[in-house]
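Thanks, everyone. I will go through one model this morning, starting from a single residue and working outwards. Please keep the structure open while I talk.

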Amino acid sequence: MIHLKTREEVELLRENNRLVSLTLAEVGKHIAPGVRTKELNAIAETFIRDHGAVPAFLGYNGFPATLCVSVNEQVVHGIPSDYRLKEGDVVSVDCGTIMKGFYGDSAYTFAVGEVAPRVAELLETTKKALQNGVAQAKAGNRVGDISAAVQNTAEAAGFTVVRELVGHGLGRNMHEEPEVPNNGVKGRGPLLQEGMVICIEPMINMGTRHVVFERDGWTVRTRDRKPSAHFEWAVAVTANGPDVLTDFTVIEVATRG
């Protein structure tokens, strides 16, 4: 069942997703060569709790951390560890909050220092795919309009789209209907209605689209071990177009070098 949100509920979701954005900005300030990914996790947990919320991922289906931190060939759901970031790495940081009965959920992929030109293109293309997908999130369209926009943007640049993992509805639960795939056909899928809040999250690979689920039960990586990128916005569907609840500007201002 798809749960349509009231204006008041959308504002509570905006408040959560604003906090997620601020958390990602705080984490981003500390991303540098030599930093352990578990240090980023500790920063995020402290920041979320200091702002009156609870980390949504910690304990979710047994997940052991506040952040999903996925480096290079890790697509999503990487577990923070003693791994030290290196110059040229890319690191996807996925974060969630619970506050006032609602969830926030967004992700940003950071470059660690200078990255290879094709890797930089992967990040920019994934962000563009997100923006193009979000532009389709208006009442009267279909989920497939979002999916097709993401897929077409990624594939036009020579990259591939992960099929096994999808975006989702967001509200009083972190994962609600409908699913929002990153590949699809225009005009297909569930009807987008005013009051829907969805997470659109392209996961785009440099090489093959195929992935492997690691033995830790969480980490998903590319089969060919080439880099992957992941960006995620929470978006409210309106008759006038998408209302983006996530704020990447605060992240990019905080991390601008």
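Leu122 counts as buried, because its relative accessibility is 0%; the cut-offs are under 20% relative accessible area for buried, over 50% for exposed and partly exposed in between, with a 1.4 Å probe and protein chains only. Before going on, the conventions: this is a predicted model, in which local features need pLDDT of at least 70, side-chain atom pairs count only at pLDDT 80 or more, and totals for chains, interfaces and linings use all residues. Residues are numbered from 1 along each chain as its sequence is written, and side-chain values use heavy atoms, with hydrogens and water left out.

Leu122 lies in helix α3. Helices here are DSSP runs of H or I with at least four residues, strands are runs of E with at least two, and both are numbered from the N terminus. What does Leu122 touch, if residues up to four places away in sequence are not counted? The list is Phe159, Ile204, Asn205, Met206, Pro227, Ser228 and Ala229, where contact means heavy atoms within 4.5 Å. Leu122 and Ala229 are 107 residues apart in sequence, with their C-alpha atoms 6.8 Å apart in space.

Now the helix itself. α3 covers residues 117-134, which is 18 residues, and spans 26 Å from first C-alpha to last, close to the expected 26 Å. That expectation is 1.5 Å times one less than the number of residues. Buried positions in α3 include Val119, Leu123, Ala129, Leu130 and Val134, but also Thr125, Thr126 and Lys127.

After the helix comes a loop, between α3 and α4 (143-156), and Asn141 is placed there. Asn141 counts as buried because its relative accessibility is 16%. Neighbours within four places in sequence aside, Asn141 is in contact with Gln136, Pro190, Leu191 and Leu192.

Next, the nonpolar cores. A core is a set of buried Ala, Val, Leu, Ile, Met, Phe, Trp, Tyr and Cys residues joined through side-chain atoms within 4.5 Å. The largest core has 53 residues, and those touching the most other members are Ile31, Leu67, Val91, Val93, Ile198, Ile200 and Ile251. The largest share of this core, 6 residues, comes from α3. A second, separate core has 16 residues, among them Leu13, Phe63, Ala65 and Ala236.

Ile251 brings us to the aromatics. Outside the residues up to four places away in sequence, Ile251 touches Ser21, Leu24, Ala25, Tyr108 and Phe110. How many aromatic pairs does a search of the whole structure find? There are 6. Rings of Phe, Tyr and Trp (its six-membered ring) pair if their centres lie within 6.5 Å; planes under 30 degrees apart count as stacked, over 60 as edge-to-face and the rest as tilted. Tyr108 and Phe110 make a tilted pair, at 4.8 Å centre to centre and 50° between the planes. Tyr108 also pairs edge-to-face with Phe231, at 5.0 Å and 85°. That second pair links distant parts of the chain: Tyr108 is in strand β5 (residues 102-111), Phe231 is in the loop between β13 (228-230) and β14, and they are 123 residues apart. Both Tyr108 and Phe231 are buried. One aromatic cluster takes in Tyr108, Phe110, Phe231, Trp233 and Phe248.

Trp233 leads to the strands. Ile200 in β9 stands opposite Trp233 in β14. The antiparallel pairing of β9 with β14 (residues 233-238) has 4 bridges; two strands pair if DSSP finds at least two bridges between them. Strand β7 (residues 167-169) also runs antiparallel to β9, joined by 2 bridges, and His168 stands opposite Cys199. Along β9 (residues 197-200), Val197 and Cys199 point one way, Ile198 and Ile200 the other, and all are buried.

There is also an open antiparallel sheet of 3 strands, in the order β6-β10-β13. Its edge strands are β6 (160-161) and β13, each pairing on one side only. Between β6 and β10 (residues 203-205) there are 2 bridges, and Val161 has Ile204 as its bridge partner.

Last, the cysteines. A search of the whole structure finds 0 disulfides, with the cut-off at two cysteine sulfur atoms within 2.5 Å. Why is Cys199 not bonded to Cys95? Because the sulfur of Cys95, the closest cysteine sulfur to that of Cys199, is 12 Å away, too far for a bond. For Cys95, the closest is the sulfur of Cys68, at 9.3 Å, again too far.
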